[in-house]
Amino acid sequence: MADNASSWSELLSAIFSNPEKGALFLVLIAGAWRWIRELWREGKEDEHHESLVETLMEENRKLREELREKREHDE
Amino acid sequence: MKLLQHFREGTGGRLRRILLEAPWSSYDLLSALIVSGIGLYLWLNAEMFQHIGGVYQQMADVATERQWGILFMGCGGFALIITLWCVAPRFLWRLSARMATAFCLLVLAGNNLLNFPPPLSTVTYLLLALWSVWGILRTQASGR
């Protein structure tokens, strides 16, 4: 546990004592986080789009069935 | 409670709209020009780090003025092209352009912060760097 903490503190001190490493670390974390968020959002939107299309198709099928029944009844 | 509500509806709301909804392109253009300008300055002044008493020692330990200048001009130029492109470039291009300028500004802010006392320009670089990081975080697939 103590070794783990010291290795983390070594990593952090290396990052903060070198401005270019700290900058690269921060920029990569922010960029990766934003990219993952965007991918997740796109996935969600696709899911919603699919469920909307499925609902519309189901609605359409029901209406067609109703119409067919009505025609058969009228004949 | 009422004061907090007033703040949310007034200045707080305005600040929120600026940070979240206002177009960020003017900041992208400004930061790209700043980074490119600093890059050009470093490239032209090959002994700049020596002349300014140790403030840029951390940067000087990593690379020469010319090398930093080329890196800054590359990052700034890339961001400038992406910002001025007539149609919205793809999300990853826009994200990487913002990451490039943020990296350069964070290097300058970090370099200044490692001095004691930090030089006056630390405030400017730090705010520009924080705004750049915020620019990365508010990049969206839709819009610019």
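**Exercise 1. Which are the buried residues of α2(A)?**

Solution. Before listing anything, get the ground rules straight. This is a predicted model, where local features need pLDDT of at least 70, side-chain atom pairs count only at pLDDT 80 or more, and totals for chains, interfaces and linings use all residues. Residues are numbered from 1 along each chain as its sequence is written, while chains are lettered from A and ligands numbered from 1 in the order in which they are written.

Step 1: know the terms. Helices (H or I, at least four residues) and strands (E, at least two) are DSSP runs, numbered from the N terminus. A residue is buried if 20 or more other C-beta atoms lie within 10 Å of its own, exposed if 12 or fewer, and partly exposed in between, with C-beta atoms placed from the backbone.

Step 2: read off the list. In α2(A), the buried residues are A:P19, A:E20, A:G22, A:A23, A:V27, A:A30, A:G31 and A:R34.

Step 3: set that against the chain. Buried residues make up 11% of the 75 residues in chain A.

**Exercise 2. Work out how chain A is built and how far it stretches.**

Solution. Step 1: count elements. Chain A has two helices and zero strands.

Step 2: check α2(A). Its 56 residues reach 82 Å from the first C-alpha to the last, close to the 82 Å expected at 1.5 Å a residue (that is, 1.5 Å times one less than the number of residues).

Step 3: look at the whole chain. Its C-alpha trace spans about 85 × 30 × 5 Å along the principal axes. The radius of gyration, taken over C-alpha atoms, is 28 Å, but a compact globule of 75 residues would have one near 11 Å (the globule rule is 2.2 Å times the number of residues to the power 0.38).

**Exercise 3. Describe chain B, then take a look at α6(B).**

Solution. Step 1: chain B comes with eight helices and zero strands, and its C-alpha atoms fill a box of roughly 55 × 40 × 15 Å along the principal axes. Buried residues are 35% of its 144 residues.

Step 2: check confidence. Chain B averages a pLDDT of 91, and 99% of the residues score at least 70 (pLDDT is the predictor's confidence in each residue, from 0 to 100). The model as a whole scores ipTM 0.83 and pTM 0.79.

Step 3: test the helix. The 20 residues of α6(B) should span 28 Å at 1.5 Å a residue, and the end C-alpha atoms are 27 Å apart, which agrees.

Step 4: see what is tucked in. Buried residues of α6(B) include B:W68, B:L71, B:F72 and B:I82. What covers the buried residues of this helix includes α3, α4 (48-51), α5 (57-62) and α7 of chain B.

**Exercise 4. Find the middle of the largest nonpolar core.**

Solution. Step 1: a nonpolar core is a set of buried Ala, Val, Leu, Ile, Met, Phe, Trp, Tyr and Cys residues joined through C-beta atoms within 7 Å.

Step 2: the largest one has 34 residues, of which B:A102, B:F103, B:C104, B:L105 and B:L106 touch the most other members. Two or more residues each come from α2 (19-74) of chain A together with α3 (25-44), α6 (65-84), α7 (91-113) and α8 (121-137) of chain B. The largest share, 12 residues, comes from α7(B).

Step 3: zoom in on B:L105. Leaving aside neighbours within four places in sequence, B:L105 is in contact with B:S31, B:V35, B:Y125, B:L128, B:A129 and B:S132 (contact means that the C-beta atoms, placed from the backbone, lie within 7 Å).

**Exercise 5. Say what each chain brings to the contact between A and B.**

Solution. Step 1: chain A gives 13 residues and chain B gives 17 residues.

Step 2: sort the side of chain A that touches chain B, which divides into seven nonpolar, two polar and four charged residues. Here Ala, Val, Leu, Ile, Met, Phe, Trp, Tyr, Cys and Pro count as nonpolar, Asp, Glu, Lys and Arg as charged, and the others, Gly among them, as polar.

**Exercise 6. Is B:C86 buried or exposed?**

Solution. Step 1: B:C86 lies in the loop between α6 and α7 of chain B.

Step 2: B:C86 is exposed because it has 5 other C-beta atoms within 10 Å.

How values were computed
Contact = placed C-beta atoms within 7 Å.
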